[in-house]
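Open the model in your viewer and keep the selection panel at hand. The stops below go from one selection to the next.

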Amino acid sequence: MNNFQMYRHIMSPGWTLSWGWAKKEVIWSMVGAQTTEQGDCSKFKGNVPHCCKRNPTVVDLLPGVPYNQQIANCCKGGVVASWGQDPASAVSSFQVSVGLSGTSNKTVKLPTNFTLLGPGPGYTCGPAKIVPSTVYFTPDHRRKTQALMTWNVTCTYSQLLVSKHPTCCVSLSSFYNETIVPCSTCSCGCENKKDCIKSDSDKLKKAGINTPRKDNVPLLQCTYHMCPIRIHWHVKINYREYWRVKIAITNFNYRMNYTQWTLVAQHPNLNNVTQVFSFDYKPLVPYQSINDTGMFYGMKFYNDLLMEAGPYGNVQTEILLKKDKNTFTLKQGWAFPRKIYFNGDECQLPPPDAYPTLPNSAHKNLISFSRIAGFMVLVFVFV
């Protein structure tokens, strides 16, 4: 399985893959993965298959399994990195020994109804399509052989299948305006409003409060937006040729640690990023002439793990950008992003008319005059 999504990875508890056999096939053995159920194998005597279900469900093995059960690119607990973040880890493999399917490409029938959970819903898989057979080289690369048959299954992701509400929101602030624009009320829906926990609640002292559940049911901190993730974009400093932005990511979910998280921002001045502090950065160029989208992610073994809600449940960075007069200005809210994505899901931005604006008007009435040692002092009040 190859993950070609640039900024959406499959995080813990990992992927789950299932399909339906076209005939009465069974799985004799597996390497690199296992099925969740064996099924009814009572008709087999002696050597019992690994799985006899018509619709097997396969999960990845955990790290540390014996070597005789491993294969290349397996055994990562189902975690698959995004292609833009770590291409070498954006693949997961396992090997299946199938019985009762025949021994030629005329008798082998393609499986149907592929379903991929990563780790929850969101992926829709198309039918299997036969493609040119995979070619294998010998260790000395002087001879090649080919597979009996190769087919591909393509699965696409849709955020609407996961939730009817966004899963993150964005708040804004700037040095030139004292107004802090918060996330909109109920940005991520308020279905969990009755089950949320206040930050000073005694429930947080109970053991096991931070234990994740298999169904990924969140336990959120009580907020007006009720989002598990909030992104705060702060325009910090304006220099003559540069400007500086501070980004903070806060986790409000007590039962979720985000591993290998990614943050994608769209802004016209991201084509002139000078320096990024504390995060890794990679530009995403959708078209040859457009470079307004960039991906930020944590440094390995430093801040690539976003902890659960609490004192350590946030990561921060600062970005230094060089101004481009042709594409960037601080006027009309241009210092703020067009779109923000966290882990591949689009976040809810505040309404455009709420963005912090420049103080572009002043009261021009002269308040007072005074003479001090022959000098005229003019006092203005800006409102």
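**First stop: two facing residues**

Select Phe 342 and look across to strand 25, where Asp 345 stands opposite. The model is a predicted one. Strand 24, residues 339–342, is the strand in which Phe 342 lies. Strand 24 and strand 25 run antiparallel and are joined by two bridges.

Now widen the selection to the whole sheet. The sheet is open and has five strands in the order 20-21-18-24-25, with antiparallel pairing. Its edges are strand 20 (279–284) and strand 25 (345–346); each has a single partner strand, so one side of each is left without a neighbour in the sheet.

**Second stop: the ring of Phe 342**

Return to Phe 342 and add Tyr 258. Is this pair buried or exposed? Both Tyr 258 and Phe 342 are buried. The ring centres of Tyr 258 and Phe 342 are 5.4 Å apart and the planes stand at 80 degrees; over 60 degrees counts as edge-to-face, so this pair is edge-to-face. Tyr 258 belongs to strand 17 (residues 258–259) and Phe 342 to strand 24, so the pair ties together parts that are 84 residues apart in sequence.

**Third stop: the four-stranded sheet**

Next, select strands 3, 4, 1 and 6. They make an open sheet of four strands, in the order 3-4-1-6 and with antiparallel pairing. Strand 3 (33–35) and strand 6 are the edge strands, and each pairs on one side only. From one strand to the next, the twist averages 20 degrees.

Within this sheet, pick out strand 1 and strand 4, which pair in the antiparallel sense over three bridges. Leu 17 stands opposite Val 58, a residue of strand 4.

**Fourth stop: aromatic rings**

How many aromatic pairs does the structure hold? There are 12 aromatic pairs. One of them joins Trp 19 and Phe 114: this pair is tilted, with 6.1 Å centre to centre and 35 degrees between the planes. Trp 19 lies in strand 1 (residues 16–20) and Phe 114 in strand 6 (residues 112–117), so the pair ties together parts that are 95 residues apart in sequence.

Trp 19 counts as buried because its relative accessibility is 7%. Phe 114, at 14% relative accessibility, also counts as buried. Add Trp 21 to the selection: Trp 19, Trp 21 and Phe 114 form one aromatic cluster.

**Fifth stop: Ser 82 and Arg 8**

Select Ser 82, in the loop between strand 4 (57–60) and strand 5 (95–99). With a relative accessible area of 0%, Ser 82 is buried. Leaving aside neighbours within four places in sequence, the contacts of Ser 82 include Asn 3, Gln 5, Met 6, Tyr 7, Arg 8 and His 9. Pro 87, Ala 90 and Thr 262 are also in contact with Ser 82.

From that list, take Arg 8 and add Tyr 157. Arg 8 lies over the face of Tyr 157, at 3.8 Å from the ring centre.

**Last stop: colour by pLDDT**

Colour the chain by confidence. The average pLDDT of the protein chain is 87, and 92% of the residues score at least 70. Then select residues 361–383, over which pLDDT stays under 50. For this stretch the model has 23 contacts beyond four places in sequence. Where pLDDT is low, the predicted coordinates should not be read in detail.

Notes: Residues numbered from 1 in each chain as written. Predicted model: local features only at pLDDT ≥ 70, side-chain atom pairs only at ≥ 80, totals over all residues. Heavy atoms only, no water. Phe/Tyr/Trp six-rings, centres within 6.5 Å; stacked < 30°, edge-to-face > 60°. Buried < 20%, exposed > 50% of the residue type's maximum accessible area, 1.4 Å probe, protein only. Lys NZ or Arg CZ within 6 Å of the ring centre and 35° of its normal. Contact = heavy atoms within 4.5 Å. pLDDT = per-residue confidence, 0-100. Pairing = 2+ DSSP bridges. Axes fitted to C-alpha atoms, helices over the stretch in contact; angles between N-to-C directions.
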